[in-house]
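Here is a quick tour of a small set of computed features, with the disulfides taken up before the overall shape. Have the model open while you read.

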Amino acid sequence: MDFSSPSSSSNDAMMDQLKNQLAQAYAQEFFGTVREKCFAKCVTKPSSSLSGSESSCISKCVDRYIEATGIVSRALFNAAK
């Protein structure tokens, strides 16, 4: 048995696992950044709960980050073609 060249299905499984791990790491970093930046922008006086305006601000901030990330991702994907 030749262990120096893994089978195609083994390579595919390793690539799928790597893609999943990268996607998870990206998601964690993205949401950490969004949480940090939106919190800093929208919450001026931290307390035990968010005010209506803070909640609205955070919601809009997160929506903008998601939209901007989508625009950048599509631009990078199209540039790679």
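Let's start with the cut-off: a disulfide here is a pair of cysteine sulfur atoms within 2.5 Å. By that rule, this predicted model has two disulfides. In chemical terms, such a link is a covalent bond between the sulfur atoms of two cysteines.

**The two links**

Take C38 and C61, which are joined with an S to S distance of 2.0 Å. C38 sits in helix α1 (residues 8-42) and C61 in helix α2 (residues 52-80), so this bond ties together parts that are 23 residues apart in sequence. The torsion about the S-S bond is -85°, making the link of C38 and C61 left-handed.

The other pair is C42 and C57, again with the sulfur atoms 2.0 Å apart. This disulfide also links distant parts of the chain, with C42 in helix α1 and C57 in helix α2, 15 residues apart. Its torsion about the S-S bond is about -65°, so the C42 and C57 link is left-handed as well.

How are the bonded cysteines paired when they are numbered in sequence order? The pattern is 1-4, 2-3.

**How covered are the cysteines?**

To read the table, keep in mind that buried means under 20% relative accessible area, exposed means over 50%, and partly exposed lies in between.

| Cysteine | Relative accessible area | Class |
|---|---|---|
| C38 | 1% | buried |
| C42 | 6% | buried |
| C57 | 22% | partly exposed |
| C61 | 3% | buried |

So in the C38 and C61 link, C38 is buried at 1% and C61 is buried at 3%, because both values fall under 20%. In the other link, C42 is buried at 6%, whereas C57 comes out as partly exposed at 22%.

**The chain as a whole**

Zooming out, the protein has two helices and zero strands. Its radius of gyration is 20 Å, well over the 12 Å that the globule rule gives for 81 residues, so the protein is more spread out than a compact globule. Along the principal axes, the C-alpha trace spans about 65 × 35 × 15 Å.

What percentage of the 81 residues counts as buried? The figure is 10%. The protein exposes about 6800 Å², and carbon and sulfur atoms supply 60% of that area.

As for charge, there are 9 positive and 8 negative charges, and their mean positions are 13 Å apart.

Conventions: Residues numbered from 1 in each chain as written. Predicted model: local features only at pLDDT ≥ 70, side-chain atom pairs only at ≥ 80, totals over all residues. Heavy atoms only, no water. Helix = DSSP H or I, 4+ residues; strand = E, 2+ residues; numbered from the N terminus. Rg over C-alpha atoms; globule rule 2.2 N^0.38 Å. Buried < 20%, exposed > 50% of the residue type's maximum accessible area, 1.4 Å probe, protein only. Areas by Shrake-Rupley, 256 points an atom, 1.4 Å probe, with all protein chains shown as cover. Lys, Arg positive; Asp, Glu negative; His and termini not counted. Charge placed at Lys NZ, Arg CZ, Asp CG, Glu CD.
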